[in-house]
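Colleague: I would like to take a close look at one part of this predicted model with you, and then hear how that part fits with the rest.

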Amino acid sequence: MAEPSSSVLAKLRPGQEMPMVVPSKAVANSAGIVNLIEAPDYCVGAFYKNLGKKLTYVGATYATVNRITMHFSYTEGASSSLEVGFSASGKQGTFHGNGSISQSTTFEQDMPATTNASKNWWRTYFRYGEYILVCSGIGDQYWTQAYQWDAGDAVTHPRFFPRTPGFDCVGELSGSAIKDDRTKAASFAAGFTLGAPIGFTGSAQTGWTHDAQIDYKWHVNGSACGTNNEPPYAAAIVAK
Amino acid sequence: MTRRALMLPLVMTLAAAACAGDPGTGPLGPAGNGGQQCIPAPLGVPRAMGDFTLHNTGTAPVSVNSVTLTDPRGLAQGKPWLLPVIGELVGTALWPPQGRAWARRIPADGAVLRPGQALNLVLEVRRTRNPSGTSQVTIDYAASGTTYSLTEGWSVQVAGTCSA
């Protein structure tokens with residue numbers, strides 16, 4: 001049985017049932033029996049449980065020295081690709097990642113600007129739900145997904161700066177600024193965590209299809225360093 | 001309208017695109033992210049913009065034909081240069097840049113990059129109007145008899161004051 005496509009998942013809202021798929025034809029065997037158990041193409045999916053709003057990582061800014069202004073904007077239309085978790089039993093800890101679903105902003109969420117040396121992983125709220133899929137001939141299946149962006153902002157500070165080789169750094173005059181409109185602003189392997197009764201940690205990628213914006217401004221002579229390439233091509237920038 | 005009538009313009013468009021001979025992505029790779037590098041400078045005063053690296057990822061030499069500002073609105077450029085990568089790239093700097101890499105610069109126009117070679121592209125830019133000028137950068141080059149045009153996603157801005 002195929003799992004529901006992300007386009008179907010994206011349209012499913014709390015309280016709403018998925019369209020039923022009725023077999024277009026059923027052929028009886030030689031005994032005249034139609035075996036629906038071997039034809040699991042009759043499925044009903046429904047919202048099962050509201051898991052509430054969860055903080056989810058959407059962006060990162062880094063400065064190793066003071067006097068650099070950094071600002072992350074989760075701009076209107078920006079989107080995050082959030083992993084979907086599936087489980088055959090629905091029991092805690094049995095969900096595994098399989099595909100993702102995109103959730104977009106409906107207005108701009110500005111994260112606070114920072115001017116001191118800092119490592120910042122920015123988060124915002126998404127609402128998550130648990131869904132159930134009942135198919136003929138197959139046991140129930142469960143999945144979890146974000147169904148709505150809920151705005152808000154929060155920040156955590158990772159222990160380490162990303163590594164940045166010197167040849168991926170460019171000089172920055174005092175007064176210089178970078179605006180980084182990324183198609184892939186940030187990627188977090190552990191982007192969000194759904195605790196009990198789900199027990200699933202999913203990945204999150206921001207700006208996969210739409211832009212988020214990161215601004216840096218140097219108030220001293222310094223450098224912009226890419227984490228995996230020069231700044232115009234890098235996945236993330238560290239200001240030095 | 002029939003399905004055939006609907007399909008015909010699409011087929012013609014695709015055929016025209018094929019005939020136009022778009023060579024696709026060349027050995028200098030695809031354009032980078034969208035974004036902007038702003039450099040502070042008084043009106044008419046030159047600055048160095050050296051954020052880009054030209055990296056020949058192919059197996060044949062690359063000949064740089066020209067490096068130009070794509071749509072220079074209020075910006076003027078000087079002669080473009082290629083520098084060896086020694087430590088960090090020039091990025092934004094007063095004009096002319098200093099250091100060992102600058103001492104070993106070669107003109108970008110007509111330069112040849114060996115397979116695997118990476119050189120730092122440095123442009124002299126100045127704004128010609130207030131409050132600022134902005135443009136992307138286009139590199140026209142050839143490799144193995146095919147010409148390519150690469151317009152970087154990252155644009156250049158020169159302003160009296162760069163906004164954060």
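Over which residues of chain A does pLDDT stay under 50, and how many contacts beyond four places in sequence does the model have for them? Please take your time over that part, and then lead on to the rest of chain A and to its partner.

Modeller: In chain A, pLDDT stays under 50 over residues 17–29, and for this stretch the model has 27 contacts beyond four places in sequence. A further stretch of chain A, residues 31–39, also stays under 50, and there the model has 9 contacts beyond four places in sequence. Where pLDDT is low, the predicted coordinates should not be read in detail. With that caution in mind, we can set these stretches against the chain as a whole, which averages a pLDDT of 83, with 79% of the residues scoring at least 70. Among the elements of chain A, the lowest mean pLDDT, 52, belongs to helix 1 (residues 6–11), whereas strand 8 (residues 169–172) has the highest, 97.

Strand 8 of chain A also leads us to the partner chain, since strand 8, strand 9 (177–182), strand 12 (212–218) and strand 13 (222–226) of chain A each supply at least two residues of the side that touches chain B. The largest share of that side, 6 residues, comes from strand 9 of chain A, and by class the side has 11 nonpolar, 9 polar and 8 charged residues. Counted over both chains, 28 residues of chain A are in contact with 29 residues of chain B. The area buried between the two chains is about 2100 Å², of which carbon and sulfur atoms give 51%, and in chain A the residues that lose the most area to chain B are A:Leu173, A:Pro232 and A:Tyr233, together 28% of what that side buries. Between chain A and chain B there are 15 residue pairs in polar contact, while the rule finds 0 salt bridges across this interface.

Salt bridges do occur elsewhere, for a search of the whole structure finds 5 over all chains. In one of them, the side chains of A:Lys49 and A:Glu130 meet at 3.8 Å, N to O. A:Lys49 lies in strand 1 (residues 43–63) of chain A and A:Glu130 in strand 6 (residues 118–135) of chain A, so this pair ties together parts that are 81 residues apart in sequence.

The backbone of chain A has some details to look for as well. A cis peptide bond, with omega about 5 degrees, joins A:Ala196 and A:Pro197, and A:Pro197 lies in the loop between strand 10 (186–194) and strand 11 (200–206) of chain A. A:Arg67 is not a glycine, yet has a positive phi of about 65 degrees, and this residue lies in the loop between strand 1 and strand 2 (68–74) of chain A.

Turning to chain B, we find a mean pLDDT of 88, with 87% of its residues reaching 70 or more, although pLDDT stays under 50 over residues 1–19 of chain B, for which the model has 2 contacts beyond four places in sequence. Within chain B, 4 strands form an open sheet in the order 8-3-11-12, with antiparallel pairing. Its edge strands are strand 8 (112–113) and strand 12 (146–151) of chain B, each of which pairs on one side only. Strand 11 (residues 137–143) of chain B pairs with strand 12 of chain B over 6 bridges, and B:Ala142 stands opposite B:Thr147 in strand 12.

Conventions
Residues numbered from 1 in each chain as written. Chains lettered and ligands numbered in written order. Predicted model: local features only at pLDDT ≥ 70, side-chain atom pairs only at ≥ 80, totals over all residues. Heavy atoms only, no water. Pairing = 2+ DSSP bridges. pLDDT = per-residue confidence, 0-100. Contact = heavy atoms within 4.5 Å. Buried area = accessible area lost by both parts, 1.4 Å probe. Salt bridge = Lys/Arg side-chain N within 4 Å of Asp/Glu carboxyl O. Polar contact = N/O pair within 3.5 Å; in protein donor to acceptor, adjacent residues only side chain to side chain. Nonpolar A, V, L, I, M, F, W, Y, C, P; charged D, E, K, R; others polar.
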